[in-house]
Amino acid sequence: MSRPAAASATAKPAARLLDFLIHYALLLLLALLVFVFALLEPAFLRLGNLFLILQSVSIVALLALGVTLSMAVGGLDLSIGAVAALSLMSASYVMVVLDWGGLAAIAVSLALGTLVGLFNGWLIVRLRVPDILATLGSMFLVLGLQLIPSGGRSIAVGMILANGDEAPGAFAGWFLALGRAQLWGRVPLAVLVMLGCALLVWLFLERTRPGRLFYAIGGNEQAARLAGAAVERYKLLAYVLSALLASLGGLLLAARLGRGDVSSGNGLVLDALGAALIGFAVLGARKPNAFGTLVGAVLVATLLNGLTMLNAPYYAQDFVKGAVLVAALMFTFGLAQRMP
Amino acid sequence: MPSCSAPATTFIRLRGLGKSFAGTRVLEGIDLEIRPGEVLALLGANGAGKSTLVKVLAGSHRHDAGELSIDGRSLHLESPQQARRMGLVAVHQQVEQGVVRGLSVAENLLLDELCAPRGATFFSPRAALRRAAEIAAGLDLRLPLQASIESLGAAEQQLVILARALALKPRLLILDEPTAALSTPEAERLFGLIERLREAGVAILYISHRLSDLQRLADRALVLRDGRLVTAFEAPLDLSAAVDAMLGSRLEEVALQAPESGEVVLALRAWRLHSRSVAFDLDLRAGEVVALTGLLGAGKSAIGETLFGLRRQHAGDMFLDGRPWAPRSPKQAIDAGVFLAGEDRARCSRVPGFSLRASMTLPFLQRFSRWGLLDLAVEREVVQAQVQALGIKAPGIEQPLELLSGGNQQKVILGRWLLGTGRLLILDEPFQGVDVRARRDIGRRIRESAAGRATLVICSDPDEALEIADRLLVVRGGAVVAELPRPGLLRADIIAHLAGTPPPASLHSPRQGAVRV
C-alpha cells in the first residue's frame with residue numbers, strides 16, 4: 001500500500017525535489033554513510049564487517065518489527081524489551097537450572113511471550129487501559145518477574161544454586177549456534193532469522209487481510225469497526241505477535257551470549273522504538289512499515305559501526321541515535337505536512 | 001447581573017456580512033440588527049451557516065465581506081477575547097467543551113478569570129470560592145461549589161457553563177442548542193433565567209432545533225438557508241412556515257418508476273427505540289427505496305444504528321428475511337447482509353491515508369484472499385470496474401480518499417457496499433456535503449442498484465427524500481409516526497408531519513399505541 005509519488009509531472013521543481021526527499025532522503029543518507037565510511041576506512045566495506053553490522057542489529061530489528069505491528073493498530077508496545085529479557089532469562093533457566101534442553105527452552109520462552117502479549121491485549125482491549133500505560137506497567141512487571149527465579153543473579157553454566165548445588169544443565173550446542181553460527185562461512189544465522197521475520201511482517205501487513213485491517217484500525221478504529229472488523233481481536237493479535245517477536249529476539253540474545261545476563265535486555269526497547277519510528281520516513285510511508293523499520297535499524301547500526309571504526313567515543317552513541325531519530329521525525333511529520 | 005441601563009436601540013448591526021472558506025461562500029449578504037433585551041431565534045438546516053454566523057459574532061471567525069458594527073463603530077472581531085470585551089459571549093452546545101474535568105465547580109465558574117492572559121499568578125482557593133459564590137448567588141443558583149464538576153448532572157453542568165458566560169456580563173449572549181441535554185423541567189429553569197436576562201436588557205441569540213423552545217421564547221426568528229437570511233418572523237411564530245422557509249422550496253419533479261414490490265426483507269414489530277418513544281411496526285421490502293426523514297434529533301440515525309447492531313432497541317422484535325434479527329455488532333450485521341454507511345464520512349467511513357482502492361474494499365477483503373494473501377491484481381480490477389460503473393472521478397484508484405470531492409467520496413462509500421450482496425442497505429445522510437449534480441447522480445445509482453435488497457435512506461431534507469424514495473417514513477421522538485407513499489406526495493405534507501402539526505384530515509396520523517406502518 002505504498003502511496004505513489006503525490007507530485008505530478010507538472011508540479012514545480014521545488015515541490016518535486018521536496019517530494020523526492022520525503023521519499024528517498026533516508027535511503028540516500030544510508031548510501032552516503034556507507035560511501036563516506038568506506039572512503040575514510042576501507043575496512044568498513046569488507047563483507048565480514050557488513051554482516052557484522054547486520055548481526056549486531058538483528059535482535060533490535062526483531063523487537064522493532066514487533067513495535068511496528070503494535071503501532072500499525074494505533075497502539076504502542078513498550079514491554080518488548082522486558083519480554084526479550086524475560087525470554088533470555090527463562091531460556092537460560094530452563095536449560096541451565098532445570099536441564100530440560102534447548103527445545104523446551106524455546107517452547108517456554110515463546111509461551112511466556114505469548115502470555116505477556118495476551119495480558120497486554122487484555123489490559124488494553126478489555127480494561128481499556130491506554131496502550132502506553134498498559135505496556136509501561138507490564139514492562140515493569142515483567143522486568144521484575146524475570147529476576148525472581150534466579151534470585152536476581154545472572155544465570156551461567158555451572159553456577160551455584162540457592163541450595164548449594166551446582167546447576168546441572170548447559171546450553172545446547174545447536175541452541176548456541178542460533179546466535180553464533182555462520183552459514184557458508186559468512187552469513188550469520190541470526191541475520192537470516194531477522195530477514196525472514198522482516199519478510200513475513202512485510203507480507204502480513206501489505207498482503208494479507210488481517211494486515212490491511214491492522215492499518216485500518218490504526219487509522220480510524222470506528223471506520224474499521226463499522227466495516228465489520230473485529231477490532232478487539234485484531235488488537236489482541238497485534239500485541240501477541242509483538243511479544244512473540246520480542247521473545248524470539250530474547251532467544252537469539254541467549255544464544256549469542258551463552259548465559260542469562262540480567263542487564264542485557266536494558267536499552268533494547270528504546271533502540272527498537274527508534275528504528276520503527278525512523279521507518280516512518282522511509283519511502284515517505286508516514287506509517288509503521290516493515291521495510292522502513294528494517295532500514296531504520298540498519299541505518300543506526302551502520303552509523304554506530306562506522307563511527308566506532310573511526311574511533312568515535314562510545315558515549316556519543318546515544319546522541320547520534322537521537323539525532324538520526326529526530327531528523328527522521330522531522331522528515332516524516334514536518335516536511336510531509338507541507339505537501340498538498 | 002449585567003447592566004440594565006442599555007438603551008433599547010440597535011447595538012449590533014450587520015450589513016451585507018459574508019464569510020467564505022477556501023472559495024466557498026458560507027455566509028452571504030447577512031443584514032441583521034440586534035437590540036438589547038430581545039430573544040432572537042436562529043433557524044436553519046444542517047450546513048445553512050448558523051454556526052459560521054455564531055462564530056463570526058463570537059470572534060472565532062473573521063468576516064471577509066460586508067460590515068459588522070457594534071455601537072455604531074465598524075470593526076472586525078479578531079478573537080473570542082476581543083468579542084468578550086465587546087460583550088459578545090457564546091455558549092457552545094457541547095457540555096464537554098465547556099467544562100474542565102478534574103476541576104471543582106467553583107474553579108469551572110472562574111475558568112475565564114483563571115485563563116485570562118493578565119490574570120493573577122497565584123491562586124487562592126479561598127478567594128476563588130468566595131468569588132464563585134458571588135457569581136452563583138447573583139444568578140440565584142444553588143451549586144455545590146467545592147464538588148468536582150463530574151459529580152453534577154448534564155443539566156447542572158450546562159448551568160455552570162451559562163453562569164460562567166454570565167459572569168462576563170454579556171450584552172449579547174449566544175446560546176447554541178442549550179436544551180439539547182436538558183429534560184423538560186430543567187429546560188424550564190433555563191427559560192426562566194433567559195427571561196430574567198431579557199428583562200435585564202441582554203440580547204440573546206438562541207439556536208435550537210426544538211421548535212417548541214423557539215415558540216416559547218423568541219421575540220423574532222430568523223431563517224438561514226444556504227448562507228443567506230431568507231425570512232424573519234415576529235412572535236408568535238408560525239412553526240410550519242418556519243420549517244418550510246428553513247428547508248427551502250427547490251423541488252423539481254423527478255420521475256420515479258414504481259418499484260416491483262418484493263418480499264419483506266426487514267420487519268419490526270411493536271418496536272420501541274427508547275423508553276420514551278412510541279411503539280411502531282415497519283416492513284421494508286426488496287427492491288424499494290425508503291426514506292427515513294425527520295428533524296435533527298428525531299432519532300433517525302439511532303434507528304439505523306440499531307438495525308446495524310450498534311445499539312439495542314428498548315423493546316420489540318426485528319426480523320430479517322423472516323428470521324429473528326438481533327445483531328450484536330456491525331460484523332454480525334455485515335455477515336448477514338445488513339450494511340450501513342454512516343452519516344459522518346470522516347468519522348465513520350474514511351481511514352486517513354487509505355487509498356480509494358483500500359477504502360472501497362475494506363469490508364470485503366476476504367473476497368480477494370487466496371491462501372491468506374491478498375490478490376492485489378483482482379482487487380484493483382474489481383475497484384476499477386466499480387469506479388467506472390459509478391462514474392467516480394478520481395486521478396486514480398491509488399489516490400487517498402480524503403483528497404476526492406465530497407460527492408466522489410460518497411460514491412466510493414456507496415460502491416463499497418455495492419460490492420457485497422446486501423439484503424438491507426442503510427445510507428445515513430448520503431447527500432451531506434455533496435453538490436446538487438452529484439446528488440442526482442448518487443440518487444440514480446442507488447435506485448438502479450436497488451433490485452434484490454431493501455434500501456433505507458436517512459435524510460433530514462424532505463426534497464432529497466422526495467427525490468429518491470418510493471416511500472417516506474417520518475420520524476419524531478424516536479418512532480416512525482407517519483408513512484407517506486410517494487405518488488402525489490407534496491413537500492407541504494412532509495413539512496406538516498416534521499413539525500408535528502399534520503392536517504387534521506390526514507390519513508397517516510398516528511393512532512394511539514402501536515402504529516401499523
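Which residue in the turn of the hairpin formed by β21(B) and β22(B) has a positive phi? The residue is B:G477, with a phi of about 60 degrees, and the hairpin has two residues between its strands.

This is a predicted model, in which local features need pLDDT of at least 70 and side-chain atom pairs count only at pLDDT 80 or more, while totals for chains, interfaces and linings use all residues. Residues are numbered from 1 along each chain as its sequence is written, and chains are lettered from A and ligands numbered from 1 in the order in which they are written.

## Strands of chain B

Helices (H or I, at least four residues) and strands (E, at least two) are DSSP runs, numbered from the N terminus. Two strands pair if DSSP finds at least two bridges between them. A residue is buried if 20 or more other C-beta atoms lie within 10 Å of its own, exposed if 12 or fewer, and partly exposed in between, with C-beta atoms placed from the backbone.

In the hairpin, β21 (residues 471-476) of chain B runs antiparallel to β22(B) and is joined to it by six bridges. B:R476 stands opposite B:A479 in β22(B). Strand β22 (residues 479-485) of chain B is mostly covered, with five of its seven residues buried.

Strand β20 (residues 454-458) of chain B has five of its five residues buried. In a regular strand the side chains alternate between the two faces of the sheet. In β20(B), one side holds B:A454, B:L456 and B:I458 and the other B:T455 and B:V457, and these are all buried. β20(B) pairs in the parallel sense with β13 (residues 289-293) of chain B over four bridges, and also in the parallel sense with β19 (residues 424-428) of chain B over five bridges.

An open sheet in chain B contains four strands in the order β12-β11-β14-β15, with antiparallel pairing. β12 (280-285) and β15 (323-324) of chain B are at the edges with a single partner strand each, so one side of each has no neighbour in the sheet. Strand β14 (residues 315-320) of chain B is joined to β15(B) by two bridges.

The table gives one bridge partner pair for each of four strand pairings.

| Strand pairing | Residue | Partner |
|---|---|---|
| β21(B) with β22(B) | B:R476 | B:A479 in β22(B) |
| β13(B) with β20(B) | B:V289 | B:T455 in β20(B) |
| β19(B) with β20(B) | B:L424 | B:A454 in β20(B) |
| β14(B) with β15(B) | B:L320 | B:R323 in β15(B) |## Two helices and the core

Helix α10 (residues 239-247) of chain B is largely enclosed by the rest of the structure, because seven of its nine residues are buried. The buried residues are B:L239, B:A242, B:V243, B:D244, B:A245, B:M246 and B:L247. Among the elements of chain B that cover the buried residues of α10(B) are β3 (39-43), α9 (211-217), β9 (220-225), β10 (228-234), α18 (462-468) and α19 (491-499).

In chain A, α10(A) has 27 residues and reaches 39 Å from its first C-alpha to its last, close to the 39 Å expected at 1.5 Å a residue; the expected span is 1.5 Å times one less than the number of residues. Of the 27 residues of α10(A), 22 are buried, so the helix is largely enclosed by the rest of the structure. A:G258 follows α10(A) and has a positive phi, near 70 degrees.

A nonpolar core is a set of buried Ala, Val, Leu, Ile, Met, Phe, Trp, Tyr and Cys residues joined through C-beta atoms within 7 Å. The largest such core has 261 residues, and those with the most contacts inside it are A:A61, A:L63, A:A216, A:A272, B:L40, B:I204 and B:Y206. Helix α10 (residues 231-257) of chain A gives the most to this core, with 17 residues. Two residues are in contact if their C-beta atoms, placed from the backbone, lie within 7 Å. Not counting residues up to four places away in sequence, A:L63 touches A:I80, A:G81, A:A84, A:L245, A:A246, A:G249, A:L268 and A:A272.

## The contact between the chains

Chain B gives 24 residues to the contact and chain A gives 19 residues. On the side of chain B that touches chain A, α12 (330-335), α13 (345-348) and β18 (373-374) of chain B each supply at least two residues. The largest share of that side, three residues, comes from α12(B).

B:L365 lies in the loop between α14 (356-361) and β17 (369-370) of chain B. B:L365 counts as buried because 21 C-beta neighbours lie inside 10 Å. Leaving aside neighbours within four places in sequence, B:L365 is in contact with A:R209, A:R212 and B:L374. B:L365 and B:E379 are 14 residues apart in sequence and 8.5 Å apart in space, C-alpha to C-alpha.
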